[in-house]
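Biologist: I would like to learn how to read a model of this kind one feature at a time. Could we begin with the broad layout and then turn to single residues?

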Amino acid sequence: MPVAEKKMNLPNLVTSLPGPKAKAIVERDHKVISPSYTRDYPLVAKSGLGATIEDADGNTFLDFAAGIAVVATGHCHPQVVAAIRKQAGELIHMSCTDFYYQGMVDLAEKLAAIAPGSGSKRVYFGNSGTEAIEAAMKLARYHTRRDKFIAFYGCFHGRTMGSLSLTASKAVQRKRFGSLLGGVFHAPYPNTYRGAYGVRPDHAAADALAQIEDELFKRIVDPEEVAAIFVEPIQGEGGYLVAPAEFLQGLQRLCRKHGILLVADEVQSGMGRTGKWWACDHVGVEPDIICTAKGIASGMPLCAVIAKAEVMDWQPGAHASTFGGNPVSIAAALATLQVLEGGAIANAARIGEFIFRETAGWRERHKSVGDIRGEGLMIGIEFVRDKKTKERAPDVRNKVIEAAFEKGLLVLGAGENSLRLAPPLIVDEEQAEFAVQTLDGCIREVERSM
Ligand SMILES: Cc1ncc(COP(=O)(O)O)c(C=O)c1O
């Protein structure tokens, strides 16, 4: 029987969790694997298909985490698997840094065509989100001959030393790693639920822009020294916060006025997750540089930096990566883009709307649900202790995540006290309905126990 027919669409738990095999692997893991990883619950994945994962004991889970928003086309999409298999039998590596390769050109042309704005583009390939950010930082410095950067509180751009200098997500990510890159300044992100510093949520965009123009640029750094502003159009690890159109358009205006490059970090929000190719497409912003990774190759390691052609002007030898743009990842990406274009992006928009409709009453019905926000299949639910004070309730969030796991639904946290829904873009309505009903029940259960 083909694997697809054997698998189920919805959770099916056949052992208590974790089951005996999972337990044994977790014990071995704890002895040998870096303790820096954070695991919210003991899922021991064995195989995956579509929006489901089977664990080591034969339990089936519905996956609304998608490997942190990575498996855009679902687990092991047949078209992606076929492309990987074919490519692995033909050519795995020869280093695109040294030689030419058609697939790389095909993918770059495709990415250039779907990037916002009609001007010509150039593309750099690496292996991970953080590599995309590092490359964008270097390119911005190279092109502008300026060395300062601006990023936002709550942002996550990666964990290597350059990208970590931008990241302002959790202190633990910086603790004991010493001095990072100098000349990086942070400004408040426009949080439309809380406002900047907890005030005026309805003025979040204007206040965040004013902070850059009236504070940073006047007191800390002359805009003429700023190479780039890095922004996530929807803050991912920060809690799935959607920046208002007015803010992103205002940033673009500021950047153009001062000759600063606008870099959109679409590592999490890109590749169709929001129901359009890019989160920037929702607000008509055309960044000078877009960084993308996660969803681009359905789980194969790949990132791309797409820049306006006149911006990507560095000379041979200035930047490269041995593995960047390896043929197998490229093949997976080309197949992924076909699936996305062939209906998965439209499905993300449709199922996203369905989830928003289904959860529309939650703010009123659940005393701990302060906010539900997002775009397409990038949806955040924020938990609070008190709706008036908006005191954060990370414990409620954590218990809901654990309760969901116990019922076979995989979800992840985002930010201090939010939960994210980031399923594969091919998820269907029955699965979305199951996820919503399950979460609804989990929230009720946790609220009753508090
Ligand atoms: C917006 C954003 N940028 C960059 C990164 C870093 O990506 P990677 O973990 O692949 O280095 C992440 C990862 O979560 C991200 O969400």
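Modeller: What follows is a walk through the chain, from domains to core, ligand shell, helices and backbone angles. Please keep in mind throughout that this is a predicted model.

Biologist: Into which domains is the protein chain divided?

Modeller: The chain is split into domain 1, which covers 3-76 + 344-449, and domain 2, which covers 80-340. Taken over C-alpha atoms, the centres of domain 1 and domain 2 are separated by 26 Å. The contact between them takes 30 residues from domain 1 and 30 residues from domain 2.

Biologist: Which elements give two or more residues to the side of domain 1 that touches domain 2?

Modeller: They are helix H3 (66-69), helix H10 (327-358), strand S13 (369-375), strand S14 (378-383) and strand S17 (418-421). By class, that side of domain 1 has 15 nonpolar, nine polar and six charged residues.

Biologist: How should I think about the interior, and which residues have the most contacts inside the largest nonpolar core?

Modeller: As a general idea, nonpolar side chains in soluble globular proteins tend to be buried together. In this model the largest nonpolar core has 132 residues, and those with the most contacts inside it are Ala-136, Val-263, Ile-289 and Val-305. Helix H10 supplies the largest share of this core, 14 residues, and the core draws at least three residues from each of domain 1 and domain 2. To see one part of it, take Ile-289, which, leaving aside its neighbours within four places in sequence, is in contact with Ala-136, Leu-139, Ala-140, Leu-261, Val-263, Val-305, Ala-307 and Val-311.

Biologist: Is Ala-331 buried or exposed, and why?

Modeller: Ala-331 counts as buried because it has 25 C-beta neighbours inside 10 Å, where 20 or more is the cut-off. Ala-331 has its place in helix H10, and, leaving aside neighbours within four places in sequence, Ala-331 is in contact with Ala-83, Ile-84, Gln-87 and Gly-103. The C-alpha atoms of Ala-331 and Cys-303, 28 residues apart along the chain, are separated by 13 Å.

Biologist: Which residues come nearest to the ligand?

Modeller: Of the 15 residues around the ligand, Ser-128, Gly-129, Thr-130, Val-267 and Gln-268 come nearest. Helix H6 (residues 129-144) gives the largest share of this shell, three residues. By class, the shell divides into five nonpolar, seven polar and three charged residues.

Biologist: How do I read a single helix, and which residues of H12 are buried?

Modeller: The general idea is that an α-helix has 3.6 residues a turn, so residues three or four places apart point the same way. Helix H12 (residues 394-406) has 13 residues and reaches 19 Å from its first C-alpha to its last, close to the 18 Å expected at 1.5 Å a residue. The buried residues of H12 are Val-396, Arg-397, Lys-399, Val-400, Ile-401 and Ala-404. What covers them includes S14, strand S15 (409-410), strand S16 (412-414), S17 and helix H13 (429-449). Just after H12, Gly-408 takes a positive phi of about 90 degrees.

Biologist: What is the phi of Ala-69, and what is that of Lys-390?

Modeller: In general, most residues other than glycine have a negative phi, and most peptide bonds are trans. Ala-69 has a phi near 60 degrees, a positive value in a residue other than glycine, and Lys-390 has a positive phi of about 60 degrees although it is not a glycine. Ala-69 is found in helix H3, whereas Lys-390 lies in the loop between S14 and H12. Ala-69 is buried, because 26 other C-beta atoms lie within 10 Å, while Lys-390 is partly exposed, with 18 other C-beta atoms within 10 Å.

Biologist: Which residues does a cis peptide bond join, and where is Pro-18 found?

Modeller: The cis peptide bond joins Leu-17 and Pro-18, with omega at about -10 degrees, and Pro-18 is found in the loop between helix H1 (3-6) and H2. Val-26, in helix H2 (residues 20-32), touches Pro-18, Pro-42 and Val-44, not counting residues up to four places away in sequence. With 16 C-beta neighbours inside 10 Å, Val-26 counts as partly exposed. The C-alpha atoms of Val-26 and Val-44, 18 residues apart along the chain, are separated by 7.6 Å.

Definitions and conventions: Residues numbered from 1 in each chain as written. Predicted model: local features only at pLDDT ≥ 70, side-chain atom pairs only at ≥ 80, totals over all residues. Near = placed C-beta within 6 Å. Helix = DSSP H or I, 4+ residues; strand = E, 2+ residues; numbered from the N terminus. Nonpolar A, V, L, I, M, F, W, Y, C, P; charged D, E, K, R; others polar. Domains from an automatic or database assignment. Contact = placed C-beta atoms within 7 Å. Core = buried A, V, L, I, M, F, W, Y, C linked by C-beta atoms within 7 Å. Buried ≥ 20, exposed ≤ 12 C-beta atoms within 10 Å, placed from the backbone. Expected span 1.5 Å × (residues − 1).
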